[in-house]
Amino acid sequence: MLDLGFVRTNLAKVEEKLRARGAAPDALLGDFRALDQRRREAITTAEQFKARRNELSQQVGVLKKAGKDAAALVEETRSLKDKLDELDKTAAALDAQLRQLLAGLPNLTRDEVPTGKSEADNVTMKTWGEKPVFDFAPRPHWELGEALGILDFDRAAKLSGARFVVYMGAGARLERALISFMLDLHTQKHGYTEVLPPFMVNSKSLFGTGQLPKFAEDLFRCSDADAEAVARGEFKDNDHWLIPTAEVPVTNLYRDEILDEARLPIRFTAYTPCFRAEAGAAGKDTRGIIRQHQFQKVELVKFTRPEESDAEHEKLTRDAEEILEVLGLPYRRVLLCTGDTGFSSAKTFDLEVWLPGQQLYREISSCSNFEAFQARRANIRYRPGGPKGKVEFVHTINGSGLAVGRTWLAIVENYQQADGSVEIPKALRPYMGGLERITK
C-alpha cells in the first residue's frame with residue numbers, strides 16, 4: 001500500500017505513475033483530495049474540542065472547589081462530548097474510505113522501468129545458453145509426456161476437470177527431483193532458510209501481499225471465506241483461501257512484527273503447491289501444463305533494509321537464473337514495462353525459458369522488488385539504529401526459484417531425443433536414482 005502522506009504531497013506524481021501503468025487516475029483516486037481534506041478537518045476540529053473540554057474540566061473543578069455553580073460549564077462539557085463522538089465517527093468513516101481507496105492503488109513503478117502497455121514493450125536484458133538444434137521436428141511436452149506415459153490429462157480431467165494433470169512414473173519422480181534439487185541449491189549454496197508453510201491462509205495474509213481485494217476472482221476460496229466482506233474491505237484472520245504462491249504465507253510470517261535489524265536480510269525458500277482459478281485465462285494455454293489450476297513451485301522471499309533491496313533483488317534473480325544454468329536450459333531475462341508490471345511490484349524481472357517444442361520463450365520466474373508496498377499492508381517493520389531508532393518498513397522481494405512444472409516441461413522439450421525419449425540433465429540424475437533417460 002502507498003503511504004497516505006506520500007500520496008497527499010505527491011499526487012501529481014502518483015497520477016503520472018498510474019497513467020504509465022495504463023490505469024485511469026480519476027477512477028482509482030476518486031475524490032481523494034476531498035476525502036482527505038474532510039478527514040483532516042474532522043481530526044483538527046476534534047483536537048480543538050478536546051482542548052476546550054480539558055480547559056472546561058479544569059474550570060469546573062475550580063468552581064466546585066470554591067462552592068460556586070458550575071452547571072453551565074458542565075452542560076457545555078457534555079455538549080462537547082456529544083460533538084466529539086460524532087467527529088470521531090466521521091473521522092473513522094473517512095479513514096476507512098481512504099484506506100479502501102489506498103488499498104486499490106497499485107505500487108508505483110521505478111523510474112528505470114520502461115513505459116509500455118503490454119509484454120510487447122518489455123525489454124530483454126540478457127540471453128543465456130544456446131538453443132538446442134535437432135535433426136528432427138521437436139515435439140511439445142504434452143505430446144512427449146502422453147507418448148511416454150508420464151502425463152495423463154484424461155484421468156486428471158475425470159478426477160478434477162480441466163487444467164489439471166496427473167504425473168505418472170518417471171514423470172512424477174522428475175517433479176519431485178526438481179523440488180529437492182532447487183531447495184538444496186538455494187539452502188546449501190545461497191543461504192536461504194527452508195520453510196514449509198500452510199497451504200491455506202486467511203484473507204489478512206492475502207491482503208498483506210496484495211492479492212486481496214483486487215484479485216479475489218483469481219483465487220480459490222474455502223466455504224468460510226466471504227468474498228463480499230473482502231469487497232467491503234473487511235479482511236479476517238479466521239477464514240481460509242488456497243494459496244496462489246508461497247509468497248503469501250512466507251511474507252506474512254512477520255505480519256505485525258518489528259524485526260531485529262541485525263537479522264536483515266532474511267532469506268527464505270519454500271516449496272508449496274499453488275492454486276489459481278485462472279479466471280481471466282479462458283481459452284488461453286489449454287494444451288499442456290503451462291497454465292494449471294494446481295502446480296508446484298519453489299519460492300524465494302527476502303526481507304531487507306531499503307538501501308539494500310536493489311542489490312538483494314539482483315542476487316535473488318541470479319539465484320533463480322542459476323537453476324536454469326545448472327540444468328542447461330536456455331533463457332532470457334526481461335525487464336517488465338510499466339503496463340506489464342504486477343500490482344504490488346515496483347520493478348520485475350521475468351526469466352523466460354526456451355521451449356523448442358513450441359518455438360518460443362515462456363515465463364518461468366518473476367522476480368520482483370515490492371519496496372515497502374507489501375510491508376506497509378502487512379505492517380512489517382524494523383528499527384534501524386538500535387532500540388532507540390524510529391521504526392521503518394522493510395522492503396520485501398520475491399521470485400520463483402523456480403516454477404517446477406514449467407521447469408519440468410522445459411527439460412522434456414529441450415532434452416528430447418529422436419526416438420521420443422528424454423535425457424535427464426546430469427545435475428538431476430542423483431535425485432532420479434541414477435536414471436539417465438526417460439523411455440516409454
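These legends walk you through a predicted model, from the whole chain to a few close-up views.

**View 1. The whole chain, with its 14 helices and 17 strands.** Start here to get your bearings. Along the principal axes, the C-alpha atoms fill a box of roughly 105 × 45 × 40 Å. The chain has 440 residues, and 50% of them count as buried. About 20,700 Å² of the chain is exposed, with carbon and sulfur atoms supplying 48% of that area. Now think about contacts between residues at least 6 apart in sequence: 73% of these join residues at least 24 apart.

**View 2. Helix α14, residues 404-414, and its surroundings.** How many of the eleven residues of this helix are buried? Eleven of the eleven are, so α14 is largely enclosed by the rest of the structure. As you follow the helix, you can pick out the buried residues, among them R406, W408, E413 and N414.

**View 3. Helix α8 meeting helix α14.** The axes of these two helices come within 10 Å and cross at roughly 120°. The crossing in which α8 passes α14 is right-handed. On the α8 side, look for G171, L174, E175, L178, I179 and M182; they meet V404, G405, T407, W408 and I411 of α14. Sorted by class, the residues of this contact are seven nonpolar, three polar and one charged.

**View 4. Helix α8 meeting helix α12.** Helix α8 covers residues 170-188, and its axis comes within 11 Å of that of α12, crossing at roughly 125°. What do we call such an arrangement, given that angles of 65 to 115 degrees count as roughly perpendicular and those over 145 as roughly antiparallel? The angle makes α8 oblique to α12. Here, too, α8 passes its partner in a right-handed crossing. From α8, the residues L178, F181, M182, L185 and H186 meet D319, E322, I323, V326 and L327 in α12. This contact has seven nonpolar, one polar and two charged residues. Keep an eye on L178 and M182: both take part in the contact with α12, and both also appear in the contact with α14.

**View 5. A close look at S309 in helix α12.** Helix α12 spans residues 309-327, and S309 has its place there. Is S309 buried or exposed? Its relative accessible area is 2%, and under 20% counts as buried, so S309 is buried. Leaving aside residues up to four places away in sequence, S309 touches T304, N369, H395 and I397. Try finding each of these four neighbours in the structure above.

Notes: Residues are numbered from 1 along each chain as its sequence is written. This is a predicted model: local features need pLDDT of at least 70, side-chain atom pairs count only at pLDDT 80 or more; totals for chains, interfaces and linings use all residues. Side-chain values use heavy atoms; hydrogens and water are left out. Buried means under 20% relative accessible area, exposed over 50%, partly exposed in between (1.4 Å probe, protein chains only). Helices (H or I, at least four residues) and strands (E, at least two) are DSSP runs, numbered from the N terminus. Contact means heavy atoms within 4.5 Å. Axes are lines fitted to C-alpha atoms, for helices over the stretch in contact, and angles run from 0 to 180 degrees between N-to-C directions. Angles under 35 degrees count as roughly parallel, over 145 as roughly antiparallel, 65 to 115 as roughly perpendicular and the rest as oblique. A crossing is left-handed if the near helix is turned anticlockwise from the far one by less than a right angle, and right-handed if clockwise. Ala, Val, Leu, Ile, Met, Phe, Trp, Tyr, Cys and Pro count as nonpolar, Asp, Glu, Lys and Arg as charged, and the others, Gly among them, as polar. Accessible areas come from the Shrake-Rupley method with a 1.4 Å probe; for residues, only the protein chains shown count as cover.
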